[in-house]
Amino acid sequence: MASSVEHQTGGHGHHAGMWVFPRKENIAPDVAGKTFSMPSGYKLALGIAFILAVLGVVGFFIRATSDGFGSPGPWGYYAGIFSFVFMVTGAAPLVACAFRFTKSHWRRPLSRVSELFAIMGVVNIFLFIPLLLAMPSIKNPEVQGTDLEVRRTLWFEVPIGAPYTWDILCFVGLALCSMAILWLSAVPDMAQARATATGFRRSLYNGLSGWWYGTKRQWNHQKAGLALLGAFYFMLLIFVQFIFITEFAMSMVPFWKDSVLPPMYTVMSFQSALSMILIVMFIMRRWGGYEGYIGKAPFWSASKILLGLTLLWTYHLFAFFVTYWYGRLEVEQNILKYVFVQPYLIVFLANMLFSFLVPFALLIWNPLRRSAWGPPLAGLAALVGAFLFNMRTFAAAFNTGNHYEFSLSHVPAAVWPDIWDIFIILGGLGIAALVYLLSAKLLPLISIWEVKEGTLYQKMGTLMKGEYLVLAKPE
Amino acid sequence: MQEGRVLSTREVNRDLLRSILDTPRWFWPVVTVLGLILLIAAIAVGIMVNRGLGVTGLNRPVAWGFFITNFVFWIGISHAGVMLSAILRLAKAEWRRPATRAAEVLTLFSLMTAMVMPIVHTGRPWRILYWVFPYDFARGIWPNIRTPLVWDPSAILTYLTSSTLFVAIALIPDFAVLRDHTTGIAHRVYSVLAMGWEGNARQWKLQIVAGVLLSALILPVFVSVHSIVSWDFGMAVAVKSWHSTVFAPYFVVGAVHSGVSAVAFALILLRWCYGWQDYIRHEHIDALGRLLIVVATGWFYFLVMEILFGMYGREADELMVRQTQFTYWPYNFWFILFVITTYFIPVALWLSRAWRRNLWIMSIACISVNVGMWLERFLIIVPGLINKQLFTFVWADYRPSIFEYIIIGSTFALVTMLMLLFSRVFPLVPLYDVKEGDVLKTQVQIGRRTVPATFRED
């Protein structure tokens, strides 16, 4: 679909189409038009997402009625897909916050794409509840008064409500914070749209942004609020990810004591969130008519970050691997064999291929990084890798056997997904897609005020005989 | 408005070559004092070699003490060069320009100083040969290449070589300026070093490509060095609290934290010593302060992971190490001091823009970080070794001797002296980088405001 906005592009030669400069006065009506329209392709995507979500609900109910929540084993793949969705959607809003903090102008078209994932944070709370039900209790119900009474856990002295109340509070806090970021960021856009919107949207925009008049004081408060919320969300997200991966993966495997796992999980979440944002932007640019707002520059700049995150994830994995491998302790060797190199070897190798080798091989090439399709392709690979990482880790952790053993004395067999697991996995992906697609019809996928602001700070300028991008950076 | 005056090429040359073409009055007295400190340290080393390691506080099971702590500390400082130079160059951060050379040179000298420490630590420096050559040709006993203690010198020497190359490549255009500003022997030496540099388009292109390539290639080396140093500890399963998977990233981030703080402090000193107010401006120190907030917070996260998972295993011998760190005098005091000085004091100061731009406060914050980071390495090494074997035949504490204090103190004098001597013959702020930055500066009019802007070379 061609963009209806008249715009200019900057750059020559291999920079052609690198920067776009939309006309300020056309941005709001054009983006609103795109947000409120419902093309047939969009309807098809909604339909597919809905069908997948229904499959997931069916799979979930059959799993719950046939296996119950008494043992964690059958819920391994549910945990895997939940973790994958949480990993991507939890970290996605942070992408906008991080690049807003560093005052990177190229982030402007991707800000709202990233913040819209915040709505999934609310859905994640409900998807998380079955995991709490399936998790084995910290205290071993069959043993009393011995060392094995309590399995290894983060909740050292098992405070009141641990782990259920605290875990759920973590996810609620995260959802509230991310929604606050989305709301604060979208207020100026909603205020502008409340004059033209009708029906439900008009009521929603009035309710959420009725107080906004765009005074200087309001703008200052909005920017300071976004910075503070972003910093708080960053810390909260890392804390919740640490709790989640430790509670639902590490502590399920006897003696799995791995201090680099939470950072590795966090790095992978940043990698996969950025990948997902790049894919959404590619789709918007290619089929959504947003090429007037999304030049190649965001892909190019984000690709360097993606390459860095890919290398960082691999480095963390290597740090874990080499320490366990070199230590030659039997229990660590068993964990290494179980989670990585024996029953789940194929998945591990595929995970490495997609999380490291493919993105790395693609992103080291400048021409690919400069294209609009190279970084999303690398991102797609990284997402497949993250998916496999979660499946392997959680399927293994939930099917260890006796979670209360002091150490893993043997290597359990792999447990592969059955048909209901596959339904659940597809459903997890479907629900996430459905929620996002619906959200994109409530709020514009382009942060109008940020793109407008960007037009003031970026322009093409002449230096000596060449034409270059000029970037203004106000303090 | 842009910060700082707009300077002509002539002014840049005059100001930045001042350290080379005019010797300040304080220069030689300071170098002499530093040299005396080094002489005293050399005597201390001599006595130690003569009498053996018994003159130090090292014992069984605490076989690693101040020397190895200091080794890790200086390796950490050396990470600033690549962090600032390579990463910021690749990220095209404009504020990097005046800081890169000092950071790279600090890398070189701190690496050299770090390498001295294990040699001193052997007590019999000639034993260093055993790392390379067999103990006895007839028996065929070779060094164990599977130990990180052998990987260490390989990684450090690779880092030293690549860092030297990195500095040398960046110096070529400045050598040419020096060649054109000197006479006699100095002119001839700088002519050789400038390698025929004329500043034509082809030479500039090659120089930039070489800089970018070296930046990219040096990054894995940079990460590998401190990772391998961390594995000196992490691979040792016998010492509880050392066998931790997070050690590699924890050490690397910690190294960047201490290294960048050291560079910030060095820049403030250079500004003060040579009057480079127009080059090392408050905005540069401010940017370093902002970067340090992120680095420090990342480091603090890894610290929490390291401690938390140390206790998570609920193993008695590891808990004993933590108990030593947290509750036994004087380690509990050192631990509290370490956490406060490394994170809470500096980050609290850096959060304020006004304080980031106050050079005195920035100096205090940067020194505070490095005091803390030195203690960090000490608190990793010594409490772990004290509790190495629960039933060890000697349950000894570690009390460093005067010899260790002298030798450790002299390493700071050594690095300072080397930096000063370097500044006497080579420019510590890259002339061409500063000039390039000035060319790329511009301003954009937005409404009634003039906003600083830059041309992007991309």
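Strand β4(A) is mostly covered, with five of its seven residues buried. Keep in mind as you look around that this is a predicted model. Strand β4(A) is a good place to start, since it pairs with β3(A) through six bridges and also with strand β2 of chain B through four bridges.

**Within chain A: the β3–β4 hairpin**

- The strands β3(A) and β4(A) run antiparallel and are joined by six bridges.
- Together, β3(A) and β4(A) make a hairpin that leaves two residues between the strands.
- In that turn you will find M464(A), whose phi is positive at about 55 degrees.
- To find the pairing by eye, look for T462(A), which stands opposite E467(A) in β4(A).

**Across the chains: β4(A) with β2(B)**

- Strand β4(A) pairs with β2 of chain B (residues 449-456) in the antiparallel sense, over four bridges.
- V470(A) has F455(B) in β2(B) as its bridge partner.
- L471(A) stands opposite T454(B), also in β2(B).

**The wider contact between chains A and B**

- On the chain A side, 28 residues are in contact with 29 residues of chain B.
- Four elements of chain A, namely α9 (261-287), α10 (297-327), β3 (458-463) and β4 (466-472), each supply at least two residues to the side that touches chain B.
- Helix α10(A) gives the most to this side, with eight residues.
- By residue type, the side of chain A that touches chain B divides into 19 nonpolar, five polar and four charged residues.

Technical notes: Residues numbered from 1 in each chain as written. Chains lettered and ligands numbered in written order. Predicted model: local features only at pLDDT ≥ 70, side-chain atom pairs only at ≥ 80, totals over all residues. Contact = placed C-beta atoms within 7 Å. Nonpolar A, V, L, I, M, F, W, Y, C, P; charged D, E, K, R; others polar. Pairing = 2+ DSSP bridges. Buried ≥ 20, exposed ≤ 12 C-beta atoms within 10 Å, placed from the backbone.
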